[in-house]
Structures are given as C-alpha cells and as structure tokens.
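Here are a few short exercises to try with the model open beside you. Have a go at each task before reading its solution.

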Amino acid sequence: LLTGLLFCATMHGECSAFAGVTGVAGGEAAAAAQGAACRSSRRQSIVLSAEQQETDTTKSNELDDGSTDTDNSGAGTWNPLSLAVLRLGFTEPAWTSPLNYQKAEGVYKCASCGTALFSSNGKFDSGSGWPSFWKTVSSGRVELKKEWDGRIECKCQKCKGHLGHVFPDGPQRGSLDAMELATIPETDPQIGYKDKNDSDSSFSRMPRYCVNGAAMKFEKES
C-alpha cells in the first residue's frame, strides 16, 4: 500500500511539472505567433505599396499614343558590374561596395541615368553588407515590384534599372530624427507608424531599402 501511494505521488508531480512546461511552451508559441503576424502585416503593407506603384507607374508612363516609355538604352555607365546589376538584376557580393561604408553627407544617384534616389539622411547601418536606406529622397524616385519569390524589388523609376530589394525590417521609428520622419515621401511604403493597438509606436520598424552599391554613384555635398 505504501509503495502504491509513493508511486501515485511521483506520477502526480511529474504530471504537474509537464503541465508547467507545456504552459511555458504555449506562452512562447503565442509570442512567436504574434511576432510572425506583425512581420507578416508589415510585409503585406510593402506588397500593397508595390502593387499600387505598378498601377500608378503604368498610368504615369503612358504616352499620347497609348504606349509606355520603358526605354533602357541610355546607360550612363560602362562598368561591367554596374551593368550586370542594373540591367540583369545581378546582386553584388555583400561587404564589397565602398558605398556601404560611406559616411559623408550627400546624395546617392542612379549609376545609369543620374536620378537622385537616396540621401545620407536616410542611410543607416543595417549590418547586411549592402548600402541600406529607410526612405527615398523624394516621391516617385523608386519603383517597387513584387517578384515571383515574394520579394519586393526596387528599381529606378526613370530608367527601370535594378537597384535591390526592400524589406520591412528597417530601423525602429523611435531611433530616427523627428524632422526626417516628417519628410517621408508619400510613395514610400507606409509602415512603421502604428502598433497593434493603432497607436503611435517608437518600436515599430521602418522599411529597409537594401541597395547594390554598384547601382549607384555618390555625390558628396559641397
């Protein structure tokens, strides 16, 4: 009888411990699911921005005869790597572009047509190995397009040269200058503003434009 009571007590303790572990695991799973849902929501915002831009771009490029202006023949560079990136969508190896380490004030322009795309005010160190920006320099400078694998490609609006991709894991809103936040172009992905309770959040993430350095040229501010 004593042996039976001890056995039951032991099993009860193990069941309680198992229930406790299960509860912790369930809490961690719920937190992970909530984080995944948040990331999915930010990514969906970028996807919607890309789809809207595709529609707007087609309309804005329409000529009087109904055709579209998509001529890419006016390349402004003969650099083989730049052409491979801009025209073929090649991705340069990480950590190889000098522009990834550029700290000076200035403007980052398209290496093909010279259009100003980003400024040093919107640049940040993402740790990715490629020049990264959380906003463009002005409205309508960068075109977004959803690719077959779900990634969002960013291209020069004027010459359609491939620049890189945009992701929803940029810097936290609270770490950025308020004056710069007030000048975010309307054509940029509108994420990083509200939390799940629809209130301003300093912890929400801004976009990350991950750009090939070979697709740009830097013009230092005089």
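**Exercise 1.** In this predicted model, find the order of the strands in the open sheet and say which strands stand at its edges.

*Solution.* Start with the order: 6 strands line up as S3-S4-S8-S7-S6-S5, with antiparallel pairing. Next, look at the ends of that order: strand S3 (123–124) and strand S5 (142–146) each have a single partner strand, so one side of each is left without a neighbour in the sheet. Now zoom in on one edge: S3 pairs with strand S4 (residues 132–133) in the antiparallel sense over 2 bridges. Here Lys123 stands opposite Phe133 in S4.

**Exercise 2.** Decide whether Ser120 is buried or exposed, and list its contacts beyond four places in sequence.

*Solution.* First locate Ser120: it sits in the loop between strand S2 (116–119) and S3. Then take its relative accessible area, 16%. Buried means under 20%, so Ser120 is buried. Finally, leaving aside neighbours within four places in sequence, Ser120 is in contact with Ala104, Glu105, Gly106 and Tyr108.

**Exercise 3.** Of the 6 salt bridges, trace one that links distant parts of the chain and some that form a network.

*Solution.* Begin with Glu219 and Lys109, whose side chains meet at 2.8 Å, N to O. Glu219 lies in strand S9 (residues 216–220) and Lys109 in strand S1 (residues 106–110), 110 residues apart. Glu219 is partly exposed, at 44% relative accessibility.

Now turn to Arg151, which forms salt bridges with Glu147 (3.6 Å, N to O) and with Asp149 (2.9 Å, N to O). Glu147, Asp149 and Arg151 are thus linked in a network. Arg151 is partly exposed at 34%, and Asp149 is partly exposed at 33%.

Methods:
Residues numbered from 1 in each chain as written. Predicted model: local features only at pLDDT ≥ 70, side-chain atom pairs only at ≥ 80, totals over all residues. Heavy atoms only, no water. Pairing = 2+ DSSP bridges. Helix = DSSP H or I, 4+ residues; strand = E, 2+ residues; numbered from the N terminus. Buried < 20%, exposed > 50% of the residue type's maximum accessible area, 1.4 Å probe, protein only. Contact = heavy atoms within 4.5 Å. Salt bridge = Lys/Arg side-chain N within 4 Å of Asp/Glu carboxyl O.
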